[in-house]
Amino acid sequence: MQFTPKLTNVETSIFSVMSALANEHNAINLSQGFPNFKSDQLLIDGVTKAMNSGYNQYAPMAGSLELRQAISKKFEMLYNSSYHPDSEITVTAGATQAIYTIISTFIKPDDQVIIFKPAYDSYQPSIEANGGKTIAIALKAKTYTIDWNLVENAISSRTKMILINTPHNPSGTVLTKNDLLKLQELTQGTNIIVLSDEVYEHIIFDGEQHQSVCMFSNLKKRSFITASFGKTFHNTGWKIGYCCAPKTLMEAFRNVHQFNVFSVHHPTQKALADYLQDSNHYLGLSNFYQEKRDLFLNLIKDSRFKFTPSKGTYFQVLDYSDITTMNDVEFAKQLTIENGIASIPLSVFYDPKLDHKELRFCFAKTDDTLRQAAEILNKI
């Protein structure tokens, strides 16, 4: 029998490779993007309470109404922008599922989708699995900013979607107000859908404000926002996220969502709905992670690594060009095996041929873990 899969030549994820190496060599794992500390016990207890209170059957397809109302309230408070909980918000099995469903809802064979590399590793396979063509635009080296002239030149009659990510994984940079205004200008009068991956919206540093697409009226009309409770509340394994979009876009999304997921874990939705009533549970997140960023960078300030402080996310890029000319994948493996610290090489997010001698480290770790990691990095 002969089978023809949609995706071929898909290698084992670098995240799996590096975590396996970290486990094998008992290395400190700063590679994968998840915290090594507990979520708030109040939220954990809330899930248990919801289970014991009977929230154990299917939630509504679009998600618990209480949770959608809490999300709507959050957008009004943070961004002075509204999404109707009935028709414009859907709870998803994490942001990655939302992203895949958005792409599969709208992208047909030969449609073009513009993404910016380095990029989260699910974007391109999601496009190609649905027959679309990825138009990858490289962010400017080291600064990881967008050249909007390149974007303008890349837009054609076949461009169906532009996918952005801010705060940006893996670089830790953020899009500015001017960036969003330029995107609004370039897409105005077109049928281009904007998919805005905003999973790190609550992790942004140095007094900056997250620039959500919903703050720009013409962008909002054509945009999806995807978000992640797992990233926000330190429980990535719960796989709960959501997306927001104008009613006409969301109706199309739900037509697909109902057949590949239908609904997600009901007791967790109930607990999150209650937890979101106190905005301090997410408003303090930027300060929490900025303290960890600052601790980590202060501890390694005299090392041979160079860096520009991350502006958002819980990732920090370190430049090792003063240490070795080894390519980033091999150097990341060497650090794991010989030095006992795991990271992610940045070239896997764009193109190994464009190796800029940079590694991504996750600082969503306990202070003790960060101190141990810094001790190792200072000896390299």
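Here are some notes on strands, rings and backbone oddities in this model, which is a predicted one.

1. Let's start with strand β6, residues 193–197. The strand is mostly covered, with five of its five residues buried. Ile193, Leu195 and Asp197 point one way, while Val194 and Ser196 point the other way. So which side of β6 is buried? Residues on either side are, Asp197 and Ser196 included.

2. Now for the neighbours of β6. Strand β5 (residues 159–165) runs parallel to β6, and five bridges join the two. If you want a spot to look at, Ile164 stands opposite Ser196 there. Strand β7 (residues 223–228) is also parallel to β6, with four bridges between them. In that pairing, Leu195 stands opposite Phe224.

3. How does the chain get from β5 to β6? Helix α7 (residues 177–187) joins the two strands in a β-α-β unit, and the unit is right-handed. The loop between β5 and α7 is worth a look too, as Pro167 has its place there. The peptide bond leading from Thr166 into Pro167 is cis, with omega near -15 degrees.

4. A second cis peptide bond to check sits between Lys117 and Pro118, where omega is about 10 degrees. Pro118 belongs to the loop between β3 (112–117) and α5 (123–129).

5. On to the rings. The structure holds 21 aromatic pairs. Take Phe205 and Phe363: their ring centres are 6.3 Å apart and their planes are at 45 degrees, so this pair counts as tilted. The pair links distant parts of the chain, with the two positions 158 residues apart. Phe205 is in the loop between β6 and α8 (217–220), and Phe363 is in the loop between β12 (358–362) and α15 (367–378). Both Phe205 and Phe363 are buried.

6. Compare that with Phe288 and Tyr289. Their ring centres are 5.0 Å apart and the planes meet at 75 degrees, so the pair is edge-to-face. Which of the two is buried and which is partly exposed? Tyr289 is buried, with a relative accessible area of 0%, whereas Phe288 is partly exposed at 32%.

7. There is also an aromatic cluster to flag. Phe75, Tyr79, Tyr83, Phe229, Phe233, Tyr242 and Tyr275 all belong to one such cluster. I'd colour these residues together when you view the model.

8. Two lysines have their charged ends over rings. For Lys74, the ring is that of Tyr282, and the charged end is 5.9 Å from the ring centre. For Lys365, the ring is that of Phe34, with 4.7 Å to the centre.

9. Last, a couple of backbone angles. Asp110 isn't a glycine, yet its phi is positive, at about 75 degrees. Where is Asp110? You'll find it in the loop between α4 (94–106) and β3. Asp110 is exposed, with a relative accessible area of 52%. Asp206 isn't a glycine either, and it has a positive phi of about 60 degrees. Asp206 lies in the loop between β6 and α8, the loop that also holds Phe205. With a relative accessible area of 46%, Asp206 is partly exposed, whereas Phe205 is buried.

Definitions and conventions: Residues are numbered from 1 along each chain as its sequence is written. This is a predicted model: local features need pLDDT of at least 70, side-chain atom pairs count only at pLDDT 80 or more; totals for chains, interfaces and linings use all residues. Side-chain values use heavy atoms; hydrogens and water are left out. Buried means under 20% relative accessible area, exposed over 50%, partly exposed in between (1.4 Å probe, protein chains only). Two strands pair if DSSP finds at least two bridges between them. A crossover is right-handed if, with the strands pointing away from the viewer, the path from the first strand over the helix to the second runs clockwise. Rings of Phe, Tyr and Trp (its six-membered ring) pair if their centres lie within 6.5 Å; planes under 30 degrees apart count as stacked, over 60 as edge-to-face and the rest as tilted. A charge sits over a ring if NZ of Lys or CZ of Arg is within 6 Å of the ring centre and within 35 degrees of the ring normal.
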